[in-house]
Amino acid sequence: MRALTVELHQLVRSRRTWVTILLIDLLPTIVAVLLAVTDIGPRPGTGPAFLSAVLTDGTLFPLAALAIVLPLFLPIAVAVQAGDAIAGEAQQGTLRYLLVRPVGRTRLLVAKLVSVMAFVLLTLAVVAVTAYVVGVLLLGTSDAGQTTTVSGTSLTQGQMIGRTFLALAFALLCMLGVASIALFLSTVVDSPLGAALGTMAVLVASTLLLTLDAADVVSDYLPTRYWLAFIDLFRDPIHWRDVIRGTLLQAGYVVVFLGAGWANFMTRDVTQ
Amino acid sequence: MIRTHGLTKRYGAITAVDQLDLDVREGDVYGFLGANGSGKTTTVRMLLGLVLATSGTAEVLGRAMPRAGREVLPQVGALVESPAAYPRLSGRANLRVHDALAGGRRRGRAGRVDDVLDRVGLGGVDQRPVRAYSLGMRQRLGLAHALLSQPRLLVLDEPTNGLDPQGIREIRDLLTELNAAGTTVFLSSHLLAEVEQMATRVGVLDRGRLVLQESLEVLKRPTGRTYVRTPDVAAARALLDGQVEAYDEASLLVRVRDVAALNAQLVGAGVRISELAPEKHTLEDVVLAASSAAGDRFDRDVPRVGS
């Protein structure tokens, strides 16, 4: 698919991509440095997940880094990238030239979505690798081949790797949900900023409502509700309930918003 | 090449294009004229499948648009309203992106890109990003984009926008050359002079309606009057009593069948003639006669008495 090749090419060649990834990567690195220097972990039950655990085992730090970037940094970057997808081309005037080249509208949408997800994957990979290196160097490793779960029992290295991939897949799905909302808005409004801000507004509203007892009736359907459920993958035994609910909920958001975005883009007049 | 039947586009209560029946034939340079806001750009966008018609049909290269866009558009080069490119990339890089999107092989890409850059006079351009281009350079790059796929049909919306007189001349020569080599050109413009110099057929759009569609030759046909320039206006008027339809201190407009006989008659009577020519319709007269007021003019409604 030509459009996809071109999109991916532009993604990896764009300076913005790498600057964004660098900035996202910076936060967990700062956290690791602070932890190593002060040796003060959050009290049990507070602060980002895994942070108490990483003080004794640096190899867990990639998961802590994931828990640090997933609630805010990564979704903002995804909202900006996906919000820019169609509205950015429209604002620049390049959308009409893509469409008359011709690049089919469905193909363009798919290429943009895959490119955003490639960006997420790239970011997660960079964050995970940096966090692993930083974690091992600054925080050290525990006894060889053994990792402690959130529940306090031990995991073998094989189990650990399997669960880490599951956690990454879950994070990817959550970001696909964000990307779907942003992509939908990107086909509706003419300004990339509007699409990105609209998506962030949805996420902020969702986060806020989750803290409100009065919003209990809707809380199970809010997009950010199960984002951190990947932590449950590191309990012993795995606590599947929220992971499964989160997967279904995100799948629902993806289907609804991608469907709406596609339908809107297919029938829309391109007048920019 | 382009044929529309009852093509209509409504935006809410506003009818932008109304029952348009275009007929552009192979080999034409079709001048699509109309005031600002008369619906030219909307029409162009409908032909290219960017804007979806409210009703009516459009055929481009014999296939229904926008349904057959995948087969039709690779053979069409387009400049829609204004050129646009990725501002951070150079002109060359932009063309390479479009060559890749059009399915051109990597092999030979540099050659194809250089070729179109040469054609539009940007062959020697450096690596500066497009955001540092002047308006004229952007326009030329836009034309290069349109020419990239060696199209059978060029659809150009105001292609000489932002160019200086030499640039306009160059682009006109380029289009004439392409047309001679078999490319049909659909040229949308509000510049009468531009269309008059290039077009073989003309369509005039007025407030969304096609008010005129004719070959330029027919439009510029003789009016049946003869223009006579002479220092002896009074003598000529006396001689041609009843046939003079207009005059001023140095010339007359005379309605006669036989111009040669008129010449002999005037010279025979000792009237000195410095110029004698059949009067022709000008495109401007024809277009203005067919169109209503300027499209961007909004006069205040005159309040009616008693209402």
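**Figure 1. Membrane-spanning segments of chain A, as annotated in UniProt.** In an unreviewed entry, UniProt assigns the feature "transmembrane region" to residues 21-40, 60-87, 108-140, 160-185, 192-212 and 243-265 of chain A. The model shown here and in the following views is predicted. Two of the annotated segments are described in detail. Residues 60-87 of chain A are 86% helix and 0% strand, and the C-alpha atoms at the two ends of this span are 39 Å apart. Residues 243-265 of chain A are 100% helix and 0% strand, with 32 Å between the end C-alpha atoms.

**Figure 2. The interface between chain B and chain A.** Chain B contributes 31 residues to the contact, and chain A contributes 25 residues. About 2500 Å² is buried between the two chains, and carbon and sulfur atoms account for 56% of this area. Of the area that chain B buries against chain A, 28% is supplied by Leu50(B), Tyr86(B) and Leu101(B), more than by any other three residues.

**Figure 3. Polar and charged pairing across the interface of chain B and chain A.** The interface holds 1 salt bridge. This salt bridge joins Lys9(B) to Asp269(A), with 2.6 Å between the closest N and O atoms. In addition to this view of charge pairing, 14 residue pairs are found in polar contact across the interface, with both residues at pLDDT 80 or more. On the side of chain B that touches chain A, the elements giving two or more residues are β1 (2-11), α2 (69-72), β7 (76-79) and α3 (91-101) of chain B. The most is given by α3(B), with 4 residues. By residue class, this side of chain B comprises 21 nonpolar, 7 polar and 3 charged residues.

**Figure 4. Helix α1 of chain B and the glycine that follows.** Helix α1 of chain B covers residues 40-47, and 7 of its 8 residues are buried, so the helix is largely enclosed by the rest of the structure. The buried residues are Lys40(B), Thr42(B), Thr43(B), Val44(B), Arg45(B), Met46(B) and Leu47(B). Just after α1(B), the backbone of Gly49(B) adopts a positive phi of about 80°.

**Figure 5. The surroundings of Ser219(A) in helix α10 of chain A.** Ser219(A) lies in helix α10, which spans residues 216-219 of chain A. Ser219(A) has a relative accessibility of 10% and therefore counts as buried, the limit being under 20%. The side chain of Ser219(A) reaches the backbone oxygen of Asp216(A) at 3.1 Å. Beyond the neighbours within four places in sequence, Ser219(A) is in contact with Leu210(A) and Arg225(A). Arg225(A) in turn forms a salt bridge with Asp220(A), in which the closest N and O atoms are 3.3 Å apart. Both partners of this salt bridge are partly exposed: Arg225(A) has a relative accessible area of 25%, and Asp220(A) has one of 30%.

**Figure 6. Salt bridges within chain B.** Over all chains, the count of salt bridges comes to 26; several from chain B are described here. The side chains of Glu71(B) and Arg63(B) form a salt bridge with an N to O distance of 3.3 Å. Glu71(B) is partly exposed at a relative accessible area of 41%, and Arg63(B) is partly exposed at 40%. A second pair, Asp126(B) and Arg128(B), meets in a salt bridge at 3.0 Å, N to O. Here Asp126(B) is partly exposed, with 40% relative accessible area, and Arg128(B) is partly exposed, with 34% relative accessibility. Elsewhere in chain B, salt bridges link Arg225(B), Glu245(B), Arg255(B) and Glu279(B) in a network.

**Figure 7. The annotated domain of chain B.** In an unreviewed entry, UniProt lists "domain: ABC transporter" for residues 2-232 of chain B. Over this span the chain is 32% helix and 30% strand. The end C-alpha atoms of the span are 53 Å apart.

Note on methods: Residues numbered from 1 in each chain as written. Chains lettered and ligands numbered in written order. Predicted model: local features only at pLDDT ≥ 70, side-chain atom pairs only at ≥ 80, totals over all residues. Heavy atoms only, no water. Contact = heavy atoms within 4.5 Å. Buried area = accessible area lost by both parts, 1.4 Å probe. Salt bridge = Lys/Arg side-chain N within 4 Å of Asp/Glu carboxyl O. Polar contact = N/O pair within 3.5 Å; in protein donor to acceptor, adjacent residues only side chain to side chain. Nonpolar A, V, L, I, M, F, W, Y, C, P; charged D, E, K, R; others polar. UniProt positions renumbered as here; feature names shortened; annotations may be inferred. Buried < 20%, exposed > 50% of the residue type's maximum accessible area, 1.4 Å probe, protein only.
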